[in-house]
Structure formats: C-alpha cells, structure tokens
Amino acid sequence: MATDAPPPPRGGTDTSPVQPTTESFVEVQGSAEFGELRRTYRSFAFPLTIAFIAWYLLYVLLSNYAGGFMGTKLFGNINVALVLGLAQFVTTFLIAWFYSRHAAEKLDPKAEAIKTRMEADV
C-alpha cells in the first residue's frame, strides 16, 4: 500500500519523540492529579449530558403525546413545536460553547501539565 509519507531518514537518526513507557502511563493514571482532571471533566460533562437527553426526550414525548399543546400557535404560523425544535439547536450550540470554555479554562491546563511532565520524564 502506497502512502504519501516520506521514507525514514537514513543513518539511524530517529527524530521522533521518545514515547513514555506503559508503566509511566499507568502511574499517571493512578495519580491524584489525573484523578482530579477526570473528576473535573465528569462533573461538567455527565450532568450536562443527562440534562440535554432529558430535554430532548421531553421534546419527543411532547411531540408524540401533546399534539394540541405543540400545535398551539404563538404568533403567525409559528407554533410551540417549532420554537422548541429550534431551541434544541440553540441548546446544542450553547452546550458546545460552554464545554469549549470549560475545557480551555479548567481541563486543558491540567492536561498540558500532565503531558509536559510525562514528556520530561522520558
């Protein structure tokens, strides 16, 4: 199979970074710092995921079982179903934006510190 990657350099000079050992990864995974990183991620992602799924299921259930309510006209030809459907998209983008901010402020610095330390220990 042909690839677009250049051939490795001649003369045995490997320029790729040295990878940490399996033991290093296991040690970091068991560290308190990694545990805090995982808790920080989970404390944000899990509740938001559950809330969004509940919000989505509410929309689906209302669409199936509350047709009269969902068909209520708010103004012109705009009804409750359309507004709630569009709110699903808005919610999706807001969650992505919130997660991006959360990751940049809380997750990325901790992950970068762990990565830098692992690369320095090699």
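## The bent helix H4

Helix H4 has a kink of about 45°, and the centre of this bend lies at Ala103. This is a predicted model, and the values that follow are computed from it.

With 42 residues at 1.5 Å each, H4 should span 62 Å, and its end C-alpha atoms lie 58 Å apart, which agrees with that expectation. The buried residues of H4 are Val80, Leu84, Gly85, Gln88, His102, Ala103, Leu107, Ile114 and Met118, and Ala103, where the kink is centred, is therefore itself a member of this buried set, since buried means under 20% relative accessible area. These buried residues pack against H1, H2, H3, strand E1 (73-75) and strand E2 (78-79).

## Two residues of H4 with opposite settings

His102 has its place in helix H4, and because its relative accessible area is 12%, which falls under the 20% cut-off, His102 counts as buried. When neighbours within four places in sequence are left aside, the contacts of His102 are Thr40, Phe44 and Leu107.

Ala120 is also found in helix H4, but its relative accessibility is 60%, so that Ala120 counts as exposed. Although Ala120 and Pro20 are separated by 100 residues in sequence, their C-alpha atoms are 9.4 Å apart in space.

## Helix H2

Helix H2 covers residues 32-65, and its 34 residues, taken at 1.5 Å a residue, should span 50 Å; the C-alpha atoms at its ends are 48 Å apart, which agrees. H2 has a kink as well, of about 25°, and this one is centred on Arg42.

The residues of H2 that are buried are Gly35, Leu37, Thr40, Phe44, Ala45 and Tyr59, and what covers them includes helix H3 (67-70) and H4. Two of these residues, Thr40 and Phe44, are the ones already named as contacts of His102, which shows one place where H2 and H4 meet.

## The largest pocket

The largest pocket in the model has a volume of about 170 Å³. Its lining is made up of Ser24, Glu27, Val28, Ser31, Glu33, Ile114, Arg117, Met118 and Asp121, and, sorted by class, this lining holds three nonpolar, two polar and four charged residues.

Helix H1 (22-29) and helix H4 (80-121) each contribute at least two residues to the lining, while the largest share, four residues, comes from H4. Ile114 and Met118, which belong to this lining, also appear among the buried residues of H4.

Note on methods. Residues are numbered from 1 along each chain as its sequence is written. This is a predicted model: local features need pLDDT of at least 70, side-chain atom pairs count only at pLDDT 80 or more; totals for chains, interfaces and linings use all residues. Side-chain values use heavy atoms; hydrogens and water are left out. On a 1 Å grid over the protein atoms alone, a cavity is a set of points where a 1.4 Å probe fits but cannot get out, and a pocket is an open set with protein on both sides within 12 Å along at least five of seven lines; lining residues have an atom within 4 Å of a point. Grid points are joined across faces, edges and corners, and a volume is the space filled by probe spheres set on the points. Ala, Val, Leu, Ile, Met, Phe, Trp, Tyr, Cys and Pro count as nonpolar, Asp, Glu, Lys and Arg as charged, and the others, Gly among them, as polar. Buried means under 20% relative accessible area, exposed over 50%, partly exposed in between (1.4 Å probe, protein chains only). Contact means heavy atoms within 4.5 Å. The expected span of a helix is 1.5 Å times one less than its number of residues. The bend at a residue is the angle between axes fitted to the seven residues ending there and the seven starting there.
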